[in-house]
Amino acid sequence: MGKLLTAPVRGTRGRPSRHGQTILAAGAVLWVPGPPKKSGVGRKKPRIALIHRPKYDDWSLPKGKLDPGEGWRAAALREVREETGLRCVLGVELPTQHYLAQGRAKEVRYWAAVPTGGSFTPNREVDRLKWLSPRKAKARLTHARDRELVDALLAALGDAAAGRFADE
């Protein structure tokens, strides 16, 4: 999970890589506690927010590029708000993803996050939002790399009982 960076990044051009300038982005795995079990004792697994992007016709997690001078955490909060309409609080940092997007290197940092308010309204960028169990979320996600983040969230939530899930 590592140390959190709070220094602003100068623009979205990012760091040099063998594929040109690295695109820097941030996002979150937005979750809510699962519904109560039928037995009335305990809860089911958490529900995870997935977004559908009509431009790509894919199911994804909320994320987007850093604005010039914007920090990683601020970008994650802004992107969740822009794409889902929800305000949230960031928790632990999840694994960073590195991949090629249209031939350019991309680095995306993610956090676990819980919503604190707002509501979803379909828009040009995101036309649907679904809250799904981890199993259904992993089946619906288009990219395997996003499925790994669902597993990382579940591992982080498992650590919560040991007091390791923080909202900083």
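In which helix is Val80 found? Val80 belongs to helix H1, which spans residues 72–84; helices (H or I, at least four residues) and strands (E, at least two) are DSSP runs numbered from the N terminus. The model is predicted, so that local features need pLDDT of at least 70 and side-chain atom pairs count only at pLDDT 80 or more, whereas totals for chains, interfaces and linings use all residues. Residues are numbered from 1 along each chain as its sequence is written, and side-chain values use heavy atoms, with hydrogens and water left out.

Val80 has a relative accessible area of 0% and is therefore buried (under 20% relative accessible area; exposed is over 50%, partly exposed in between; 1.4 Å probe, protein chains only). Residues up to four places away in sequence excluded, Val80 is in contact (heavy atoms within 4.5 Å) with Ala28, Leu30, Pro62, Gly85, Leu86 and Cys88. A C-alpha separation of 9.3 Å was computed between Val80 and Ala26, which lie 54 residues apart along the chain.

The largest nonpolar core (buried Ala, Val, Leu, Ile, Met, Phe, Trp, Tyr and Cys residues joined through side-chain atoms within 4.5 Å) comprises 22 residues, of which Val29, Ile48, Leu50, Leu61, Leu94 and Leu153 touch the most other members. At least two residues of this core come from each of strand E3 (23–32), strand E4 (47–53), E7, E8 and helix H3 (144–160), and H3 provides the largest share, 6 residues. Beyond its neighbours within four places in sequence, Val29 touches Ile48, Leu61, Leu94, Trp111, Ala112, Ala113, Leu149 and Leu153. Another core, apart from this one, has 18 residues, including Leu30, Leu66, Leu86 and Cys88.

Strand E7 (residues 86–101) also contains Glu93, which counts as buried because its relative accessibility is 5%. The side chains of Glu93 and Arg109 are joined by a polar contact of 2.6 Å (a pair of N or O atoms within 3.5 Å; within protein, one must be able to donate a hydrogen and the other to accept it, and residues adjacent in sequence count only if both atoms are side-chain atoms).

The largest pocket holds about 690 Å³ of space. Its lining consists of 20 residues, with Arg53, Lys55, Tyr56, Lys65 and Lys106 nearest the centre. A pocket is an open set of points on a 1 Å grid over the protein atoms alone, where a 1.4 Å probe fits, with protein on both sides within 12 Å along at least five of seven lines; lining residues have an atom within 4 Å of a point. Strand E6 (63–65), H1, E7 and strand E8 (104–118) each contribute at least two lining residues.

Note on methods: Grid points are joined across faces, edges and corners, and a volume is the space filled by probe spheres set on the points.
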